[in-house]
Amino acid sequence: MIRLIAMDMDGTLLIHPSEGIAARNAEALRQAAARGVKLAICSGRTTEDASYFALDAGLDMAIMGLNGAYCLDRPLGQCVANHTMPEQTAWELVAVLDQYPQMIYGVFSGEDIVLNYQRPDNEHLGIDWGTHLGRSGRTFIRQRKEGLDQLIKRGVNKIVAVDQAMTGIRETVREKLNTSVSGMAISSSWINNLEIMPTGVDKGTAVAELAQRLEIPMGEVMTLGDNDNDIPMLACAGYGVAMANATPGALAAAKYRTMRFDEYGVAAAIEKYVLKA
């Protein structure tokens, strides 16, 4: 029996982010909720950004943002988990990333973001960092590292570095970080980025924390994902389901597979393992 479904967004739940959650996926989730199944988004996106996808689809669910480092009890709700890295680790990460001007990066603390660059069209920062950022006014974005001192002192949940021009520098930067900085772990959610997290914090720990709060055994949890940052939650759930478009690592971590994200793989998995069970 599946009592909790936690899913990634990009490459999993979302087909065209600008159009929101596709109707078939949303309907399958609504039917699962009607049977008493708890729902959750577990995404690298910010909690505000993820919240609006749920709200626009009329879905009530937990929101685990920033790869599970900052979590809400419901869309735009109260924070129930806030995991940060040591200040020294954050400063060391920034110092290394600054050695590679090919990489743009964002430093995330809850719903605040500090960027290391200035985008010419400031109103369209969502193109880089989220579909709905700033829609409720909860997320505050500063550029050219303005306010970085205060943000790091408050606590960093995640740093994302992106080889935006696809120069091929990503793996060099990953190796440098791994050999130079402790107190962090690196994953990826796309072919040109690095997602840098506090040690021991990932989507798997977030799903486990949520399941514990809901008193649901991990054997009764279904997770769905497609990329390397989804591996921990695919591996820890009784029903870890990888999309057909998943990376080799995500496919290896999952016990089950479903259709591609653009073939409504989330709905197909829910229909098979929840609604027809």
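**Note on a tyrosine cluster and a six-stranded sheet**

1. Start with Y239. Its relative accessibility is 21%, so Y239 counts as partly exposed. Buried would require a value under 20%. Keep in mind that this is a predicted model.

2. Y239 has a tilted aromatic partner in Y273. The ring centres are 6.1 Å apart, and the planes meet at 50°. Y239 belongs to strand β13, while Y273 belongs to helix α10, residues 265–275. The two parts are 34 residues apart in sequence, so this pair ties them together. Y273 itself counts as buried, at 17% relative accessibility.

3. The structure holds 4 aromatic pairs. One of them joins Y239 to Y256, and this pair is stacked. Here the centres lie 5.4 Å apart, with 15° between the planes. Y239 sits in strand β13 (residues 239–242) and Y256 in strand β14 (residues 256–257), so the pair links parts 17 residues apart in sequence. Y256 is partly exposed, at a relative accessible area of 29%.

4. Taken together, Y239, Y256 and Y273 make up one aromatic cluster. Y239 takes part in the stacked pair with Y256 and in the tilted pair with Y273.

5. Now the sheet. It is open and has 6 strands, in the order β8-β7-β6-β9-β11-β10. The pairing is mixed. Which strands form the edges? They are β8 (140–142) and β10 (184–187), each pairing on one side only. Neighbouring strands are turned against each other by 20° on average, direction ignored.

6. Look next at β6 and β9. Strand β6 covers residues 104–109 and strand β9 residues 158–162. They pair in the antiparallel sense, over 5 bridges. Within this pairing, Y105 stands opposite A161 of β9.

7. A lysine and a phenylalanine also meet. The charged end of K158 sits over the ring of F108. Its distance from the ring centre is 5.4 Å. The residue ranges of β6 and β9 place F108 in β6 and K158 in β9.

8. Two helices lie across strands of the sheet. Helix α3 (residues 87–97) lies across β6, β9, β10 and β11 (193–198). It runs at about 5° to β9. Helix α6 (residues 170–180) lies across β10 and β11. Its angle to β11 is about 20°. Strands β10 and β11 thus appear under both α3 and α6.

Terms used:
Residues numbered from 1 in each chain as written. Predicted model: local features only at pLDDT ≥ 70, side-chain atom pairs only at ≥ 80, totals over all residues. Heavy atoms only, no water. Phe/Tyr/Trp six-rings, centres within 6.5 Å; stacked < 30°, edge-to-face > 60°. Helix = DSSP H or I, 4+ residues; strand = E, 2+ residues; numbered from the N terminus. Buried < 20%, exposed > 50% of the residue type's maximum accessible area, 1.4 Å probe, protein only. Lys NZ or Arg CZ within 6 Å of the ring centre and 35° of its normal. Pairing = 2+ DSSP bridges. Axes fitted to C-alpha atoms, helices over the stretch in contact; angles between N-to-C directions. Contact = heavy atoms within 4.5 Å.
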